[in-house]
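Please look through the sequence and the three-dimensional structure shown here before reading on. The paragraphs that follow start from a single residue and widen the view step by step.

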Amino acid sequence: MHMNKLVTFLINKEMTIEAFFLIISLCLFYILYLKRRIGGEITKRRMPLITLKLMDNIQDEKYGFYLLNESEFAIKDINFIDTKATISDSGFKQILVIKIKNIEFLKPKEEIKLDYEVLDEGGISLPQVTNTIIPHLINESFSVQVVYSTLEGRRLIARLAKKGKLFYLDKIEDLAQS
């Protein structure tokens, strides 16, 4: 009888130890999962974030498009993908292309006025429209895509969407991971 109790005790002890190791193993896997997830969040937060501003007061010397590097990291090789905007405030719809000139370098927290040109759909430059388009863009929704690099060579693409008078970061993607 005592032998049965001893065997039962040893079996229960082995099962307890196995359960303990199983729980420890699961905890270690969960810790590794959390560590990987935190690392991903830290990497995301290290992406340089940019903002686009539209200054619409034609009498103000700050009239135009502005790019702001909101992060603590410098960015370089800033290329704007040509943007199509539909203007419909004059009673009929007109599709125009806004071609923003590229920028070589932008320091952290730096804001820079962007040089741009407005073209018709056929690619013909419209200099008079270029000088007066900003007020017509205020109520239009469109997005601007920007490809840029960190100083370490990491390539990113950001889509800045405009709704109302404000641009917001709609999407940012690491080009090496896509």
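In this predicted model, Leu67 is a useful place to begin: once its neighbours within four places in sequence are set aside, Leu67 is in contact with Ile50, Thr51, Leu52, Ile78, Phe80, Ile103, Leu106, Glu110, Glu111, Ile112 and Leu114. Leu67 also belongs to the largest nonpolar core, which holds 33 residues, and within that core Phe65, Leu67, Ile78, Phe80, Tyr116 and Leu137 touch the most other members. The largest share of this core is supplied by strand E9 (residues 142–150), which contributes four residues. In soluble globular proteins, nonpolar side chains tend to be buried together.

The next step is to follow the strand E2 and its partners. Strand E2 spans residues 64–69 and is mostly covered, with six of its six residues buried. Strand E1 (residues 50–55) pairs with E2 in the antiparallel sense over six bridges, and Leu67 in E2 is the bridge partner of Leu52. E2 is also joined to strand E7 (residues 111–113), to which it runs antiparallel, by three bridges, and here Leu68 stands opposite Glu111 in E7.

What, by contrast, is found at the surface? Ile17, Phe20, Phe21, Ile24, Leu28 and Ile31 make a nonpolar surface patch of about 590 Å². One of these residues, Phe21, is found in helix H1, which covers residues 2–45. Phe21 counts as exposed because its relative accessibility is 52%, and the cut-off for exposed is over 50%.

Definitions and conventions:
Residues are numbered from 1 along each chain as its sequence is written. This is a predicted model: local features need pLDDT of at least 70, side-chain atom pairs count only at pLDDT 80 or more; totals for chains, interfaces and linings use all residues. Side-chain values use heavy atoms; hydrogens and water are left out. A nonpolar core is a set of buried Ala, Val, Leu, Ile, Met, Phe, Trp, Tyr and Cys residues joined through side-chain atoms within 4.5 Å. Buried means under 20% relative accessible area, exposed over 50%, partly exposed in between (1.4 Å probe, protein chains only). Helices (H or I, at least four residues) and strands (E, at least two) are DSSP runs, numbered from the N terminus. Contact means heavy atoms within 4.5 Å. Two strands pair if DSSP finds at least two bridges between them. Patches are made of residues with over 30% relative accessible area and no salt bridge: like charges are joined within 9 Å, nonpolar side chains (Val, Leu, Ile, Met, Phe, Trp, Tyr) within 5 Å. Accessible areas come from the Shrake-Rupley method with a 1.4 Å probe; for residues, only the protein chains shown count as cover. A salt bridge is a side-chain nitrogen of Lys or Arg within 4 Å of a carboxyl oxygen of Asp or Glu.
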